[in-house]
Amino acid sequence: MYFIGNWKMFGSVKSINYINSVIKLAKLSKFKKAKIVYCPPYTILSEFVKKTKNTKIKVGAQNCHHEKNFGPYTGFINAKMIKLIGAKYIIIGHSENRRAGDTDKLINLKVKSSLSENLQVIFCFGETLKERKKNKTFQVIKKQIYMGLKNLKNLKNIIFAYEPVWSIGSGKVLNNNDLESQIIIIKNYLKKKFKIKNPKIVYGGSVNPNNIKSLVEIRTLKGFLIGGASQKSKKFIDIIKKSIN
Ligand code: PEP
């Protein structure tokens, strides 16, 4: 089961010691099924890689530039650089980045360049509240997935992160029945349209120690993408402990 921590634009070199307790937990055989991935900001990716060396914890980036080769793109970082630093995962298509200008076309190029660097892509998609209210949820999700994966191979290295935009950071989560049927629809779409045998789908949006017990009951989920609650190791550990018995 995946526990992917998205630190967003938080954290400094000092905060790396926060993860000591998570490193300890990851060593316990009881938690060997927990696939813990930290996605800190670029500025501390390298420190995270060093810190988690010889542990089961993996590191990922939160985005990248779409250009796969090195080039004159001031202020940007591409998938090749992320790979070279020792990260194994990358988040692409997060709604915060979509809002900041990542179009489906750019996302498709980012996924492509990340896969060509053998990074595991955490591909995010999800509807806004407005879209949900207009009953457009599946239409929106389908388009994001279709455009994001268009003409790509190697889809087995993708983890699909369903993140309703309105749920991120809001404390609001779909009830289990609705979430589960949503996941099943997504899974079937991925199987049918992209011939992915067993798509790995994780859920993200306000996952916390209070709602995790109920969320893990959704057996079709392969784990969680966790923002706010991953930045505090106590909460992150609590989530992992309550997921794995
Ligand atoms: C996220 O940003 O991917 C996320 C799921 O955030 P939060 O857990 O804070 O809602």
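**A walk from helix α3 to the ligand**

K80 is partly exposed, with a relative accessible area of 24%. This residue is a good place to start a tour of the model, which is a predicted one. To find K80, look in helix α3, the helix that covers residues 79-85.

From K80 you can look outwards along the chain. Leaving aside residues up to four places away in sequence, K80 is in contact with K68, N69, F70 and E117. There is also a link in space to a part of the chain well along the sequence: S114 is 34 residues from K80 in sequence, yet their C-alpha atoms are 7.6 Å apart.

Now step back to N78, which sits in the loop between β3 and α3. Is N78 buried or exposed? Its relative accessible area is 4%, and because buried means under 20%, N78 counts as buried. What does N78 touch, apart from residues up to four places away in sequence? Its contacts are C64, H65, E67, K68, N69 and F70. With E67 there is a polar contact as well: the side chain of N78 comes to 3.4 Å from the backbone oxygen of E67.

F70 has now turned up twice, as a contact of K80 and as a contact of N78. Like N78, F70 belongs to the loop that runs between β3 (58-61) and α3 (79-85). Here the picture changes, though: F70 has 53% relative accessibility and therefore counts as exposed, since the cut-off for exposed is over 50%. So the loop holds both a buried residue, N78, and an exposed one, F70. On the surface, F70 joins M81 and L84 to make a nonpolar patch of about 340 Å².

Let us finish at the ligand. Which residues come nearest to it? There are 13 residues around the ligand, and K8, H94, E163, G169 and S206 are the nearest of them. H94 brings a polar side-chain atom to 2.8 Å from an oxygen atom of the ligand. The backbone takes part too: a polar backbone atom of G227 is 2.8 Å from a ligand oxygen atom, and for G228 the distance from a polar backbone atom to an oxygen atom of the ligand is 2.9 Å. How much of the ligand does the protein bury? On its own the ligand would expose 290 Å², and the protein buries 95% of that area.

Conventions
Residues are numbered from 1 along each chain as its sequence is written. This is a predicted model: local features need pLDDT of at least 70, side-chain atom pairs count only at pLDDT 80 or more; totals for chains, interfaces and linings use all residues. Side-chain values use heavy atoms; hydrogens and water are left out. Patches are made of residues with over 30% relative accessible area and no salt bridge: like charges are joined within 9 Å, nonpolar side chains (Val, Leu, Ile, Met, Phe, Trp, Tyr) within 5 Å. Accessible areas come from the Shrake-Rupley method with a 1.4 Å probe; for residues, only the protein chains shown count as cover. A salt bridge is a side-chain nitrogen of Lys or Arg within 4 Å of a carboxyl oxygen of Asp or Glu. Helices (H or I, at least four residues) and strands (E, at least two) are DSSP runs, numbered from the N terminus. Buried means under 20% relative accessible area, exposed over 50%, partly exposed in between (1.4 Å probe, protein chains only). A polar contact is a pair of N or O atoms within 3.5 Å; within protein, one must be able to donate a hydrogen and the other to accept it, and residues adjacent in sequence count only if both atoms are side-chain atoms. Contact means heavy atoms within 4.5 Å. A residue is near a molecule or strand if one of its heavy atoms lies within 4 Å of it.
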